[in-house]
Amino acid sequence: LTEISDKVKVIALPERNGLIRAKMRGVAVAKAPVLLFMEAHCIVNQEWLQPLLQRVALNPKTLAMPALDYIPAEDWHGYFKAQVGHWRYEWNFNLIYSNPGHLIYDSNEPYMTPGTSGGIFAMRKDWFEHLGLFDPAMLEWGGDHFE
């Protein structure tokens, strides 16, 4: 990763701390005004970052999450545009992606969503810190979905 840019800093924690604590360590050393959380399994497309940063610039309290298109695990050359929908929770806190009532239409305009997928988002660092970061007691997978 550091070969890509001198702006990339890889932090290797001396022992396993879990996803949330690792992300919080990254926040602690981040110097930029905007944080961007990604996952190791994400592949970005050209000009993917500008729309997220634009939304954060327009509203400093925005959590901007990209559309998550689908690339099959068995064929990384395959590509399927994400279906229109939003992330929401069922009563058992199971996170699902759906478009109930087909109220969200396919467009380039942003829309509200009650949840996020795995903490893949951009947000101002000062606003993230003001909200209290992630809860370090979240030890299991999925805590960053609704944190």
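## A quick tour of the predicted model

Let's start at Gln83, which is found in the loop between strands E2 and E3, the latter spanning 86-89. This is a predicted model, so please read everything below in that light. Gln83 counts as exposed, because its relative accessibility is 62% and exposed means over 50%. Its C-alpha is 9.0 Å from that of Leu68, with the two positions 15 residues apart in sequence numbering. From there, the tour moves to the sheet, the core, and a few residues worth a look.

**The sheet**

- Three strands form an open sheet in the order E1-E5-E2, and their pairing is antiparallel.
- Strands E1 (34-37) and E2 (63-64) are the edges, as each pairs on one side only.
- Four bridges join E1 to E5 in the antiparallel sense, and Val34 stands opposite Arg124 in E5.
- On the E2 side, the antiparallel pairing with E5 (residues 121-124) runs over two bridges.
- To follow that pairing by eye, look for Leu63, whose bridge partner in E5 is Met123, and for Ala64, which stands opposite Ala122 in E5.

**The nonpolar core**

- Ten residues make up the largest nonpolar core: Ile20, Met24, Val27, Leu35, Phe37, Phe121, Met123, Trp127, Phe128 and Phe134.
- At least two residues of this core come from each of H1, E1, E5 and helix H3 (125-130).
- Helix H1 gives the most to this core, with three residues.
- Val27 is a handy place to see the surroundings: beyond its neighbours within four places in sequence, this residue is in contact with Leu35, Phe37, Lys125, Phe128, Glu129 and Leu133.

**Thr62, just ahead of E2**

- Thr62 has its place in the loop between H2 and E2.
- Is Thr62 buried or exposed? Thr62 counts as buried, because its relative accessibility is 16% and buried means under 20%.
- Apart from neighbours within four places in sequence, the contacts of Thr62 are Arg55, Val56, Ala122 and Met123.
- Two of those names appear in the sheet as well: Met123 is the bridge partner of Leu63, and Ala122 stands opposite Ala64.

**Glu47, a residue with positive phi**

- Glu47 lies in the loop between E1 and helix H2 (49-58).
- Although Glu47 is not a glycine, its phi is positive, at about 55 degrees.
- Glu47 counts as exposed, because its relative accessibility is 66% and the cut-off for exposed is over 50%.

**A nonpolar patch at the surface**

- Which residues make the nonpolar surface patch of about 280 Å²? The patch is made by Ile4, Val8 and Val10.
- Ile4 is placed in the segment before helix H1 (19-29).
- With a relative accessible area of 68%, Ile4 is exposed, because exposed means over 50%.

Conventions:
Residues numbered from 1 in each chain as written. Predicted model: local features only at pLDDT ≥ 70, side-chain atom pairs only at ≥ 80, totals over all residues. Heavy atoms only, no water. Pairing = 2+ DSSP bridges. Patch = residues over 30% accessible without salt bridge, like charges linked within 9 Å, V, L, I, M, F, W, Y side chains within 5 Å. Areas by Shrake-Rupley, 256 points an atom, 1.4 Å probe, with all protein chains shown as cover. Salt bridge = Lys/Arg side-chain N within 4 Å of Asp/Glu carboxyl O. Buried < 20%, exposed > 50% of the residue type's maximum accessible area, 1.4 Å probe, protein only. Core = buried A, V, L, I, M, F, W, Y, C linked by side-chain atoms within 4.5 Å. Contact = heavy atoms within 4.5 Å.
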